[in-house]
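Biologist: I am new to this structure and would be grateful for a guided discussion. Shall we begin once it is displayed?

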Amino acid sequence: MDWINDQIIRLAQSSLPPGAELVMMEDPSNEYAIYPQDLSGDGVPELTVVYRWQEELYVHILQYRHVGWTIAAAAKGEGYGVAELTAAPVTSRMVNNLIINWRTAEAQTKRAVYEWSPVGFRNIVPDDRSLESRAISLYPGSEKTTSGTRWGYINGIGTMVIPPRFDRAEDFQTNGLAIVSADNGNGLINTTGAYFVRPVYSFIAPFSEGRAVVIDDKGKYKLLNDSGAIVTSNGYSYMADMHDGRAMVNNQLEGGKTVYGYIDRSGKEVIPLRYEDATDFSNRHAVVKIKDNVYALIRHDGSKEAEYHFPFVGVLGDGLLPFQQTANGKYGYINEKGTVKIQPTYSTAFPFQNGRAIVNNAEDFAAEYGVIDTKGNLVIQTIYNDIMAIGQQRYAVGKAIDPDQPFLGSMYAIFDSDGKRLTEFVYTDVQPYRKGLASASNGKTTFFINTSGNPAPGYPQFQGSGILKLEDDLIQVNIDQRIQYANRNGRIVWEPNTVIPLRLPYLVREHKYKPNKDYVVYYPAVEGIADHAAQERLNETLKVMSQVKPIPGDELLGYTYSGDFEVTLFKKNLLEIEMTGYNYPAGAAHGMPTKVYAHIDVSNGDMYTLKDLFKPGSDYVKVLSDIVGEQIKTDPQYDYVFPDTYKGIKPDQPFFVTQDALHLYFEPYEIAPYAAGFPEFRIPYSQIMNIIDERGDFWRSFHP
C-alpha cells in the first residue's frame, strides 16, 4: 500500500496502548495492517489500525477532529493474523464498511464485516456465516448503442451510476470489486467505476479466499491477489479456484502428459506437480491419482493419509468416496480407510453432501436417478430423469416430459431430504436456494418458491421463463435473455432500452418474437426512412434474416433457438446490424451459432452486398482470396485452420466493415474447429484501395 508512509505508521503507533505492536499483513507481506479509508461517509478518510496487545488482536479507527486524531471506534479481533484488510459498501450503498479477513488457522480465515453507526462498532456476521457473492448495492445493466451493447451499473433505485462503457459486467463481490470486459480483455473495477486492474487478461474468475484465477494473453493461468498483483512466479496450463488455502494446478508436459499439484495463497507450489489427476481440497483433504489403479487421500501438507487401489476414486464427502472396483464397472462408496461401505451397484455416483448422494441406476447413459443415504438406503427412488440438489435440504426431481425422448427435458417437483414430495411436477426450471428462496418457472411465469416448494407469498411473479435473484434492494429479473430490475412489489425500476437513436429522424427499434417457450428472437426494425415502402421492405427482410418465421406455439420443438442483434456501426448513412442466433438441439453436445450482417443505407433503405464495395469488373474474389490465404499461411494466430480446407472466398462471402478495414469471416466448421467460432480476417482498406469503388454508393454511404 503505497499510501502507508512513515508518518502514517508513526501516527498509528502513537495510538497503541503500552506494550502493543502493529500487526503485519499477510498480503501485501511486510506491510502493517493499516488502512486509510472513508468509513463515516463525510469524504474524509479515517485510519484503521490493527494491533496485538497481550497476545490478543484488536482493531480501532482513528478519526481526525478539531482537536486532532482520536480513537473513534474499537473492537476485539479474532485469530492470530490478518489475511485481508479492505472496505466496501456492504450494509449501505452510501457508506463503506470495514472488512477484515482474520487468520484463524494455517489455511482458515474468518471474514468480519464491521458496521460503524451511532449505536457502536460491530461485526455484522458474528456467527461466521459466509457473505453472499454480492455485497455491494450496485447491479449490472445494459444499454444498446450504435457500437453494440454496453454494460454499466445501476444503484438500488434504478439510476445508472457507473456509465455503460463495458462489453460485459458481472456482479460486485464482497471485496468491492467487479469483473468487467473491455478492449478485448477482462479487468476489475471498484465501486466508483475506476479500474482496479486494467482489462489485460483473457479471463478472470471470481475471488475465492482472497484470490482470483486469471488467464494472461499467452493462455497461462496465474493467481491474482486482492491488491491486484500476480503472486505466482510461473504460469500454468490450468488452475482451479482456491479452496482451504490451496489451488489445484496442472501443467502439460512434452509428449502430452499432464501433471497436477497445488499452490498456496502466496503462489508457492506447496504440493509438487507429480500426480496424474487431482481434486479440490475440502476440509483439509483432497483425492489425487498417483498412477493407474492407485489413488490417495492427502492432507493439507501433501502427506498421504490413505491409499486406494481401485480404477477410480472420487471426491470425499461425509467420510465417503465414490469408487469403481473394476475398470468401467459400477460405482459404490468406500470410507476414508478404503473399506467398501456401499457396494458398487450404480452406473453413476456423485459425492455425498449433508448425508445424501445422487446416484443413477440406468445403463447405456440413460437416466434413472435417485438419492441414497450414507448406508446405501434409497431415500428417493432411482426412477427419475434428473435430480438436482438445490440447498435447504431440498431436491428438484425431474420427470421426463416425453419418456420416449428423455433428452427433451424434465418437469420438476420439490422433494425434501427424507424423500417426501412437497409439490407436483409443475416446474420447468428450479434454481438453488438463496436467502431461503429459490427461483422457479412453470414455462409461462417465473417466481420465487419457499422451502415448502410453493410460490413464496409476498413476492411478485413475472411473465416469461427465466431466473430471479433477490438482491439487497431489488429483484434481478433475468427473463427471455434480458435483465431488468424490480422492487419487492414487482414494479420495474430499470430495464434496458429498446430504441437505439441514430441521427434524426433515424432510429432502430427492438422487437421481440416468442411464439414458443423454446424460441425467442429479438429483431431490429429501422425507422425514419423517407420512402415508407422501402422501409417496410427492409424491415421484412430484417425479420427473415433474424429467423422470425412461423413456429408452433405449444409443441415440443426438440431444440431451443435464441436470436438477437447489435448495431455495430453507424457512420454517415451506413447502418450496420449484426444478427446472431443459437440453435441447440435437445441432447446435443453443443448448439450451432449463426451470424449475419445487414449493411443498410438509411437515406433510401438499400442493402449492400460485398460486390457493391468494388469496382465493376474487378476480380475482387481473387484479390481477397489471395490476401486471406497469405494470412492463413504466415500469421500464427491462424494455426487452428484445418490444413488444405481453405480454397478461397465466395463472391457473397460473409463480411462486415469497420472504420478502416473490411472483415471477412467463415462459418463454424467451414475451415476450422467448432471451438474457433467464426474465423475472421481483417483486410485494411489501404491494402485494397485499387479495387474499391470510391464513387460507388456503398463506399460513399460511409465516407465523405
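Biologist: At which residues does UniProt place the feature "domain: DUF3298"?

Modeller: The model is a predicted one. Over the stretch in question the chain is 20% helix and 17% strand, and the end C-alpha atoms are 17 Å apart. The unreviewed UniProt entry places "domain: DUF3298" at residues 611-686.

Biologist: Which strands stand at the edges of the open sheet of four strands?

Modeller: The order in this open sheet is β43-β44-β45-β46, with antiparallel pairing. An edge strand has a single partner, so one of its sides is left without a neighbour in the sheet. The strands in that position are β43 (466-470) and β46 (492-494).

Biologist: Which residue in β45 does Ile479 stand opposite?

Modeller: Strand β44 covers residues 475-479 and strand β45 covers residues 482-486. The two pair in the antiparallel sense over five bridges. Opposite Ile479 stands, in β45, Arg482.

Biologist: Within what arc do the buried residues of helix α2 fall, seen down its axis?

Modeller: Helix α2 has 14 residues, 532-545, and reaches 20 Å from its first C-alpha to its last. Its buried residues are Ala534, Gln535, Leu538, Asn539 and Leu542. They line one face of the helix, because they fall within an arc of 130°.

Biologist: Which exposed residues does the face of α2 turned away from its buried side carry?

Modeller: The buried residues of α2 are covered by elements including β49 (519-527), β51 (574-585), β52 (592-601) and β53 (606-607). The face turned away from that buried side carries the exposed residues Glu536, Arg537 and Val544.

Key
Residues are numbered from 1 along each chain as its sequence is written. This is a predicted model: local features need pLDDT of at least 70, side-chain atom pairs count only at pLDDT 80 or more; totals for chains, interfaces and linings use all residues. Side-chain values use heavy atoms; hydrogens and water are left out. UniProt positions are given in the numbering used here, feature names are shortened, and annotations may be inferred rather than shown by experiment. Two strands pair if DSSP finds at least two bridges between them. The expected span of a helix is 1.5 Å times one less than its number of residues. Buried means under 20% relative accessible area, exposed over 50%, partly exposed in between (1.4 Å probe, protein chains only). The arc is that of the directions from the helix axis to the C-beta atoms. Contact means heavy atoms within 4.5 Å.
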